[in-house]
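Biologist: I am new to this model. Could you take me through some of its helix and strand contacts?

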Amino acid sequence: MAYAYDNLKLEKGMYQQAGRTFTQVLEDCDPSEHYRGSPLEGLDAFQRQLKRFGIKVRGAGSDVVEKFFATADSAVLFPEYIARSVHQGMEEGDLLPELVASVTQIEGMDYRSICSDAQDESKELRAVAEGASIPATTVKTQANLVRLHKRGRMLVASYEAVRFQKLDLFSVTLRQIGAHIKRMQLEDAVDVLIHGDGNNNAAAAISTASEAGGTKPALSYDALVDFWSQFDPYEMNTMLVPSSVMLQMLKLDEFQNPLTGLNFQGTGKLTTPIGAKLLRVSSVPEGSLIGLDRRYALEQVQSGGVTVEYDKLIDRQLERAAITVISGFAKLFTGAAKVLEV
């Protein structure tokens, strides 16, 4: 049986369609739904093209980089392979899903988030007497735009240096690039949680220092419980801590509860006695920790996905080919994130 993927003409222009990825363009030309019930079911359009040209990108028997450049058509697949490998590295160990309430995809660089001015009594669902007006919650756009950052890495290598390298090994380098990009995005997220997004919504800073003495005692379980109590009506379900603060917390008697240790030993995930998930984040300033309600604290804004300089890559000009991602973060509800200074 003849399949459409065997006869597709691949060209650089497939990367130039605004707001659409290379794979989306391929899917329009060769829809995956046409392969239901066939041996190719479960592969997307890009994976079918790899099969077409016999390119194996994973495993001990993976091909060398040069295999992509055996024909002019197969060379067009190389930038998408780069982008997918980088994206895979971004997903490995990604902590952002633990912090972000919503992800918004946009086209362009200008975006305003929304905010609600519900405060104090207007947040409470009180009974409404007959004929009385119903309390209102006003939703409006923020005054300032969300600041988007271009984060990326430069791929610096000659074609001669990598042409005979196995794709499986080359993918490791690309995944590391993705991990570096995601680490920078996490730093951006932490900065917005602490300082706000420019709309006068910095997180409240709470100190463990006593008002009388003004000195900061060692971190205690009582201080954590007091911090937890500050979140009503939100729920502190996530805590971001640097390594030094995590060490202090893990040495508390309450954190040495057998059930807490058993969960860590069995799953590798740390939870606190107050129910919040504990995440070690090096970009959190030393001597502080961030508590947040991940359901309401942060919005991630993305302009497109992983972008590569496809012209250079297709033409084997790997020297200084940029791999970038554009994203930013907006604060949703100011009270959903607070900082404890210890």
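Biologist: Which residues in H2 do Phe22, Thr23, Leu26 and Glu27 in H1 meet?

Modeller: This is a predicted model, where local features need pLDDT of at least 70, side-chain atom pairs count only at pLDDT 80 or more, and totals for chains, interfaces and linings use all residues. Residues are numbered from 1 along each chain as its sequence is written, and side-chain values use heavy atoms, with hydrogens and water left out. Contact means heavy atoms within 4.5 Å. The H2 residues met by that H1 group are Ala45, Phe46, Arg48 and Gln49.

Biologist: How is H1 oriented to H2?

Modeller: The axes of H1 (residues 22-29) and H2 (residues 45-52) come within 8 Å and cross at roughly 80°. Angles of 65 to 115 degrees count as roughly perpendicular, so H1 to H2 is roughly perpendicular.

Biologist: What covers the buried residues of H2?

Modeller: Buried means under 20% relative accessible area with a 1.4 Å probe, protein chains only. In H2 the buried residues are Ala45, Phe46, Arg48, Gln49 and Leu50. Their cover includes H1 and helix H4 (78-91).

Biologist: Which residue in S12 is the bridge partner of Ile290?

Modeller: Strand S8 (residues 288-292) has five of its five residues buried, so S8 is largely enclosed by the rest of the structure. Five bridges join S8 to the antiparallel strand S12 (residues 337-341); two strands pair if DSSP finds at least two bridges between them. The S12 partner of Ile290 is Val339.

Note on methods:
Axes are lines fitted to C-alpha atoms, for helices over the stretch in contact, and angles run from 0 to 180 degrees between N-to-C directions. Helices (H or I, at least four residues) and strands (E, at least two) are DSSP runs, numbered from the N terminus. Angles under 35 degrees count as roughly parallel, over 145 as roughly antiparallel, 65 to 115 as roughly perpendicular and the rest as oblique. Buried means under 20% relative accessible area, exposed over 50%, partly exposed in between (1.4 Å probe, protein chains only).
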